[in-house]
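Colleague: I am new to reading models like this one, and I would like a close look at a single part of it. Could you start from one residue and then work outwards to its surroundings?

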Amino acid sequence: MSFRVPRRTIAAFLGPAVAALAIVGIVPLLYAVWKSLHYFNLTKIAQQRFVGLDNYGAVLTDPVFWQAMGRTALLFAIAVPVQIALGLLVALVLHRPGLSFWKTLTRLSLVLPMATTYAVVGLLAQVMLNQKYGVINQMLGWIGIDAINFIGDPTNAFIAVVLWDIWQWTPFVALVLLAGLSTVPPEIEEAAKLETKSNRTILRHVQLPFLIPSLVAVLILRTADTLKLFDMPFTMTRGGPGSATEFIAVLIERVGNRQFDIGMAAAQSIIMLAITIILARLYIRLFYREVR
Amino acid sequence: MAAPIQRRSLWGEALLLLLICLFCVFPFYWMVTTSLKTQVVALESPPVWWFTPTLANYREVLFIDKVGPALINSIIVAVCTTALAVGLGTPAAYALARFEFRGKTDLWFWFITNRFVSPVVLAFPVFLISRELGLRDTHLALILMYLTFTLPIVIWICTDQFRSVPQELDEAALLEGASQWRIFRSICLPLAMPGVAVSSILSFIFSWNELLFAYILTPKAAKTAPAMAVTFMEGYDVPYGKIMATSTLIVVPVLIFALLASRHLVRGLTMGAVK
C-alpha cells in the first residue's frame with residue numbers, strides 16, 4: 001500500500017529526525033565508549049591516559065558494582081511479581097462489566113502515580129515514611145505496630161524503596177494488563193463463561209494467551225526502568241544508609257558526579273547498557289516463541 | 001437466591017475500587033496538606049490531620065527560594081523540546097507510515113532502543129561535551145538531550161496516527177499534482193492532529209519530570225524545578241512544608257496533562273507496545 005518515492009524525498013522527510021537523534025543519542029554514546037578506555041578523573045585531568053580495557057576489568061571484578069547489580073536485581077525480583085499480581089487483580093476487577101462510572105474514576109486515579117515526577121515520589125517517601133512525623137508510621141500505630149525507622153535503617157530503607165516502587169508502578173502494570181484483557185474477543189469470553197463458572201479456568205485458558213504480549217511488555221519495560229531507576233532512590237535516601245539503596249544508576253552517578261571518575265563511570269554504564277540489551281532480547285525470544 | 005449474592009459482590013467490588021482509588025490518591029492528599037502546614041505543625045508527632053492551612057510555604061519557595069525561576073526554566077525546556085520533537089518527528093513519522101524503503105524496520109528498532117538507554121549512560125559524556133561547547137548550564141543543552149526520549153515518542157505515536165489517515169486522500173492529491181510535502185502539510189498533518197496532541201502532551205510530561213540530565217547539566221541558571229527540589233534535602237533541618245509546596249507546584253501541571261491524555265499515557269510509556 002505504500003508509495004514508491006524518490007530517495008531525495010525520503011531523505012528530506014527522515015533526515016532531520018535521524019540526524020538529531022544520532023547527534024544526541026549516538027555521539028555521546030561513542031564518546032562514552034572512548035572515555036571508558038581512559039583513566040579520566042575530573043580532579044586529576046593531568047593524569048589522563050589511555051588504559052585500554054583496564055576500566056572494564058576493574059568494573060567486572062569490583063564487588064561494589066556487582067552488589068549494586070544484585071540489589072537492582074533483588075528490587076526487580078521482589079517488586080515486579082507483586083506489581084503483576086496486584087495489577088492483574090485490579091485489571092480483572094476493572095474488566096468486569098458494571099459500575100462503569102466508578103471504574104472510569106478508578107482508571108483516572110490509576111494514571112496519577114505513574115505520571116508523577118519520580119523525584120517528587122522520593123520526596124513524598126521522605127515525608128510520609130519519617131519515623132517521628134510520618135503518616136505511614138501513624139497508621140501502623142493504629143493497628144498496633146511500633147514506628148519503623150524506614151529511612152535510617154539499611155534493610156528498612158530497601159523495603160521502603162520496594163514499597164514505593166510498587167506504589168508507583170502497580171497502576172501502570174494494571175492498565176497495561178487491562179489493555180491486554182480488552183484484546184480478548186468478547187464472543188470467546190462469553191462462550192467460555194457458558195462452559196465454566198470458574199474464573200480461574202477462564203483466566204488460565206482463555207485470557208492468559210491474550211495477556212502474554214502485555215506481560216512481555218511489562219517485563220521488558222520494568223527491567224529497563226529498574227536498571228534506569230535513579231530519581232526516586234536518589235531523592236529518598238541518596239543511596240544510603242551506607243549503600244543499602246545504591247542501585248546501579250545511583251552508583252554510576254556517584255562514581256561520575258561525586259567521585260569525578262568519568263572513565264570508570266563510562267565503563268560501568270556501557271556494561272549496564274549491554275546487560276539491558278541482552279535481557280531485552282532474551283525476553284523477546286523466550287516469550288514470543290510461545291505466541292508464535 | 002442469586003440476587004443478594006450478586007448485590008453483595010457488587011458492594012465488595014465497589015469497596016475494592018474505593019481502596020484502589022485511595023491507594024493511588026492518598027499520597028497526593030498528604031502532599032498538598034503538608035504543603036499547607038507551617039514547619040511547627042509539620043513537625044508534630046503524631047502528624048495532625050486538621051489544622052489551619054497557610055500559603056506561607058508557597059510564598060516562600062516561589063519568591064525567596066527561586067522555585068519560581070526554576071519552574072519557568074522547566075516550562076521553557078519542556079515546551080521547546082516538545083516543539084522541536086514535533087517539528088522533527090512528524091515528517092519522519094509520515095515517511096515511516098507512507099513510504100517504502102530499505103532499512104525501514106532497522107530504523108524502527110533504532111528508535112525504540114532509545115527507550116532502553118539509561119540517561120546515566122549519556123549524562124557524563126554530554127556533560128563533558130557541553131562544557132567544551134560552552135553549553136553547560138543552558139536551556140539548549142537540556143532541550144537537545146531531551147530529544148533522546150521525546151523524539152522517539154512523537155515518531156511512534158504519529159506513525160500510528162498517519163497510518164489511520166485514508167490513503168485515497170493522498171492518491172487524489174497526487175493526481176492533482178501536489179508534492180509529497182504539500183500532501184503532508186495540508187492533508188495528512190491536520191488529520192493526524194489527535195496523535196500530534198497526545199505525543200506533545202507525553203513529551204511535555206516526560207521532559208518536565210526528568211531529573212538526572214537536569215541535575216548534572218544545569219547546576220545554576222538553567223536549573224529546572226525537579227533539580228531544585230532536590231537541593232532542599234541538603235540542609236540539616238528538612239523543611240517539610242516547603243518541600244511539599246515545591247512538589248505540589250511541580251506535580252500539579254503534570255497531573256492535569258496526564259488526566260487529559262489518560263487514555264494514551266500507557267501507550268506512551270510502552271512506546272506503542274500496548275494500544
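In which helix of chain A is the place of A:Ser214?

Modeller: Happy to help! This is a predicted model, so local features need pLDDT of at least 70 and side-chain atom pairs count only at pLDDT 80 or more, while totals for chains, interfaces and linings use all residues. Residues are numbered from 1 along each chain as its sequence is written, and chains are lettered from A, with ligands numbered from 1, in the order in which they are written.

Your residue, A:Ser214, sits in helix H9 of chain A, residues 199-228. Helices here are DSSP runs of H or I with at least four residues, strands are runs of E with at least two, and both are numbered from the N terminus. A:Ser214 counts as buried because it has 24 C-beta neighbours inside 10 Å. The rule is that 20 or more other C-beta atoms within 10 Å make a residue buried, 12 or fewer make it exposed, and anything in between is partly exposed, with C-beta atoms placed from the backbone. Going back 16 residues in sequence brings you to A:Ser198, and the two C-alpha atoms are 23 Å apart.

Now step back to the whole of chain A. Its secondary structure comes to 12 helices and two strands, and the order from the N terminus is α-β-β-α-α-α-α-α-α-α-α-α-α-α. Of its 292 residues, 42% count as buried. Along the principal axes, its C-alpha trace spans about 75 × 70 × 30 Å. When residues at least 6 apart in sequence touch in chain A, 67% of those contacts join residues at least 24 apart; a contact means that two C-beta atoms, placed from the backbone, lie within 7 Å.

Next comes the partner. Chain B has 14 helices and zero strands, and 49% of its 275 residues count as buried. Its radius of gyration, taken over C-alpha atoms, is 23 Å, whereas a compact globule of 275 residues would have one near 19 Å (the globule rule is 2.2 Å times the number of residues to the power 0.38).

How do the chains meet? In all, 78 residues of chain A are in contact with 77 residues of chain B. Helix H1 of chain A (residues 7-36) gives the largest share of chain A's side, 15 residues. That side divides into 55 nonpolar, 16 polar and seven charged residues; Ala, Val, Leu, Ile, Met, Phe, Trp, Tyr, Cys and Pro count as nonpolar, Asp, Glu, Lys and Arg as charged, and the others, including Gly, as polar.

One pairing to find on your screen is H1(A) with helix H7 of chain B (residues 139-163), whose axes come within 8 Å and cross at roughly 140°. Axes are lines fitted to C-alpha atoms, for helices over the stretch in contact, and angles run from 0 to 180 degrees between N-to-C directions. That angle makes H1(A) oblique to H7(B), because under 35 degrees is roughly parallel, over 145 roughly antiparallel, 65 to 115 roughly perpendicular, and the rest oblique. Residues that meet there include A:Ala17 and A:Leu21 from H1(A), and B:Leu144 and B:Leu151 from H7(B). By class, this contact has nine nonpolar, two polar and no charged residues.
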